[in-house]
Amino acid sequence: MADSLNDLLSNRDFDEPLEVRAIKDFVQRYFKVEVGVAVQPRMIIVTTKSAALAGQLRMSLPKLQAAAETDKRIMLRIG
């Protein structure tokens with residue numbers, strides 16, 4: 001017997017990973033801007049809306065890496 005969609009989705013955990021929340025909080029605290037964050041097995045992609053913010057984040061990558069407490073590569077994307 002097939003499970004209903006509600007049964008399948010009610011058992012899922014839709015919370016953000018701690019790395020995502022840490023990166024979003026870091027950027028919001030220091031730059032007052034929202035960013036998109038996607039987690040992949042070996043990297044984290046941070047999407048910004050401006051090249052200026054991406055440049056500022058590039059200078060802050062060591063702090064961002066420490067705030068996220070991860071050893072994954074952080075990649076910045078403008079989009």
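These are my notebook entries on a predicted model of a protein.

**Entry 1: overall layout**

I began by listing the secondary structure. I found four helices and three strands. Read from the N terminus, the elements follow the order α-α-β-β-α-α-β. The protein has 79 residues, and 30% of them count as buried. I then looked at contacts between residues with a separation of 6 or more, and 56% of these join residues 24 or more positions apart.

**Entry 2: the sheet**

Next I looked up how the strands are arranged. They form an open sheet of three strands, ordered β1-β2-β3, with mixed pairing. Which strands are at the edges? I noted β1 (36-39) and β3, each of which pairs on one side only. On average, neighbouring strands here are turned by 20 degrees against each other, if direction is ignored.

I went on to β1 and β2. Their pairing is antiparallel and runs over four bridges. The two strands form a hairpin, and three residues lie between them. I wrote down two of the bridge partners. Gly36 is partnered by Thr47 of β2, and Val37 is partnered by Val46 of β2. For background, I noted that strands in a sheet pair through backbone hydrogen bonds, either parallel or antiparallel.

I also checked what lies over this part of the sheet. Helix α2 lies across β1 and β2, and its direction is at about 155 degrees to that of β1.

**Entry 3: the nonpolar core**

I looked for the largest nonpolar core and found that it has 15 residues. Ile23 and Val46 have the most contacts inside it. Two or more residues each come from α2 (18-31), β2 (43-48), α3 (51-59), α4 (61-68) and β3 (73-78). Which element gives the largest share? It is α2, with four residues. The general rule I had in mind is that nonpolar side chains tend to be buried together in soluble globular proteins.

I followed Val46 further. Apart from residues up to four places away in sequence, Val46 touches Ile23, Val35, Gly36 and Leu57. Val46 also touches a run from β3, namely Ile74, Met75, Leu76 and Arg77.

**Entry 4: the two sides of α4**

I sorted residues of α4 into buried and exposed. Leu61, Leu64 and Ala68 are buried. Why do they share a side of α4? They cover an arc of only 60 degrees around the axis, so they fall on the same side of the helix. In general, an α-helix has 3.6 residues a turn, so residues three or four places apart point the same way. On the face turned away from the buried side, I found the exposed residues Pro62, Lys63 and Ala66.

I then asked what the buried residues of α4 pack against, and the answer is α2, α3 and β3. After α4 comes Glu69, which has a positive phi near 50 degrees.

**Entry 5: Thr48**

I picked Thr48, which is in strand β2. Is Thr48 buried or exposed? Its relative accessibility is 1%, so Thr48 counts as buried. A polar atom of the Thr48 side chain lies 3.0 Å from the backbone oxygen of Ser50. Leaving out residues up to four places away in sequence, Thr48 touches Val35, Leu53, Ala54, Leu57, Arg77, Ile78 and Gly79. I noticed that Leu53, Ala54 and Leu57 fall within α3 (51-59).

**Entry 6: Glu19**

My next residue was Glu19, in helix α2. The relative accessible area of Glu19 is 16%. The cut-off for buried is under 20%, so Glu19 is counted as buried. Which residues does Glu19 contact, other than neighbours within four places in sequence? I listed Val39, Ile44, Ala68, Thr70 and Lys72. Ala68 had already appeared in Entry 4 as a buried residue of α4.

**Entry 7: Gly55**

Last, I looked up Gly55, which lies in helix α3. Gly55 has a relative accessible area of 34%, so I recorded it as partly exposed. I also looked up the distance from Gly55 to Leu76. These residues are 21 apart along the chain, and their C-alpha atoms are separated by 9.0 Å. Leu76 is also among the residues that Val46 touches.

Definitions and conventions: Residues are numbered from 1 along each chain as its sequence is written. This is a predicted model: local features need pLDDT of at least 70, side-chain atom pairs count only at pLDDT 80 or more; totals for chains, interfaces and linings use all residues. Side-chain values use heavy atoms; hydrogens and water are left out. A nonpolar core is a set of buried Ala, Val, Leu, Ile, Met, Phe, Trp, Tyr and Cys residues joined through side-chain atoms within 4.5 Å. Buried means under 20% relative accessible area, exposed over 50%, partly exposed in between (1.4 Å probe, protein chains only). Contact means heavy atoms within 4.5 Å. Two strands pair if DSSP finds at least two bridges between them. Axes are lines fitted to C-alpha atoms, for helices over the stretch in contact, and angles run from 0 to 180 degrees between N-to-C directions. The arc is that of the directions from the helix axis to the C-beta atoms. A polar contact is a pair of N or O atoms within 3.5 Å; within protein, one must be able to donate a hydrogen and the other to accept it, and residues adjacent in sequence count only if both atoms are side-chain atoms.
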